[in-house]
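Here is my notebook from an afternoon of looking things up in one protein model. I began with how helices pack and then moved on to other topics.

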Amino acid sequence: MTDVLSALQLVLEERRQAAPESSYVASLHAKGLNKILEKVGEEATEVILAAKDAQHSATTKDVIAETADLWFHCLVMLSHLGEDHNSVLQELERRFDLSGIVEKANRSQ
C-alpha cells in the first residue's frame, strides 16, 4: 500500500511544479488552499452520499471510487501544506495500540 502512496506522492510533487494549464494538480495548487479544501469538502460529501447509496444498493463500487477521490484530494492538500502521506501513516501508527476513547480524551487535554 505504501508503494502506491509513495508513487502517487512523486507524481503529485512533479505535477505541482507543472504549468496549471497542463495539470489538474498544478491548477489546484495555483488556485490555492481554499480551492483545494473546497474539493476535499466536495469529495467528502460524495463519499457520504455514496455510502448511503451502497447501504441500499448492495454494491460498494461507487463508495470505493469516491473514497479514492477523497484520499487523492487530501494528498493534494497535504502536499500544498508541505506534508505527505508518511505523516498521516506515522500518526496512525502512533495511535495503533491506543484506545480510540483514550486517544480522543488525550486530544482535549
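**Entry 1: α3 against α4.** I looked up how these two helices run relative to each other, bearing in mind that the model is predicted. Helix α3 covers residues 33-57, and α4 covers 61-80. Their axes lie 8 Å apart and make an angle of about 160°. Angles over 145 degrees count as roughly antiparallel, so that is what α3 and α4 are to each other. I also noted the handedness: the crossing of α3 and α4 is left-handed.

Next I asked myself which residues make this contact. From α3 I wrote down several, among them Leu 33, Ile 36, Leu 37, Val 40, Ala 44 and Val 47. From α4 the contact includes Val 63, Leu 70, Cys 74, Val 76 and Met 77. Charged names turn up too, including Lys 39, Glu 43 and Glu 46 of α3 and Asp 62, Glu 66 and Asp 69 of α4. The tally by class for the contact of α3 with α4 is 13 nonpolar, three polar and six charged residues.

**Entry 2: α2 against α3.** Helix α2 spans residues 24-31. How do its axis and that of α3 cross? I found that they come within 5 Å and cross at roughly 120°. That angle falls outside the 65 to 115 range for roughly perpendicular and is not over 145, so α2 and α3 are oblique to each other.

On the α2 side I listed Tyr 24, Leu 28, His 29 and Lys 31. They meet Lys 35, Ile 36 and Lys 39 of α3. By class, the contact of α2 with α3 has three nonpolar, one polar and three charged residues. I was pleased to recognise Ile 36 and Lys 39, which I had met in the α3 and α4 contact as well.

**Entry 3: the largest pocket.** I looked up its volume, which is about 270 Å³. Which residues lie nearest its centre? They are Leu 5, Trp 71, Leu 75, His 85 and Val 88, out of 10 lining residues. Two elements give two or more residues to this lining, namely α4 and α5 (85-95). What classes do the lining residues of the largest pocket fall into? I counted nine nonpolar, one polar and no charged.

**Entry 4: the whole chain.** Last, I stepped back to the overall make-up. The chain has six helices and zero strands, and its pattern along the sequence reads α-α-α-α-α-α. Its C-alpha trace spans about 45 × 40 × 30 Å along the principal axes.

Methods:
Residues are numbered from 1 along each chain as its sequence is written. This is a predicted model: local features need pLDDT of at least 70, side-chain atom pairs count only at pLDDT 80 or more; totals for chains, interfaces and linings use all residues. Side-chain values use heavy atoms; hydrogens and water are left out. On a 1 Å grid over the protein atoms alone, a cavity is a set of points where a 1.4 Å probe fits but cannot get out, and a pocket is an open set with protein on both sides within 12 Å along at least five of seven lines; lining residues have an atom within 4 Å of a point. Grid points are joined across faces, edges and corners, and a volume is the space filled by probe spheres set on the points. Helices (H or I, at least four residues) and strands (E, at least two) are DSSP runs, numbered from the N terminus. Axes are lines fitted to C-alpha atoms, for helices over the stretch in contact, and angles run from 0 to 180 degrees between N-to-C directions. Angles under 35 degrees count as roughly parallel, over 145 as roughly antiparallel, 65 to 115 as roughly perpendicular and the rest as oblique. A crossing is left-handed if the near helix is turned anticlockwise from the far one by less than a right angle, and right-handed if clockwise. Contact means heavy atoms within 4.5 Å.
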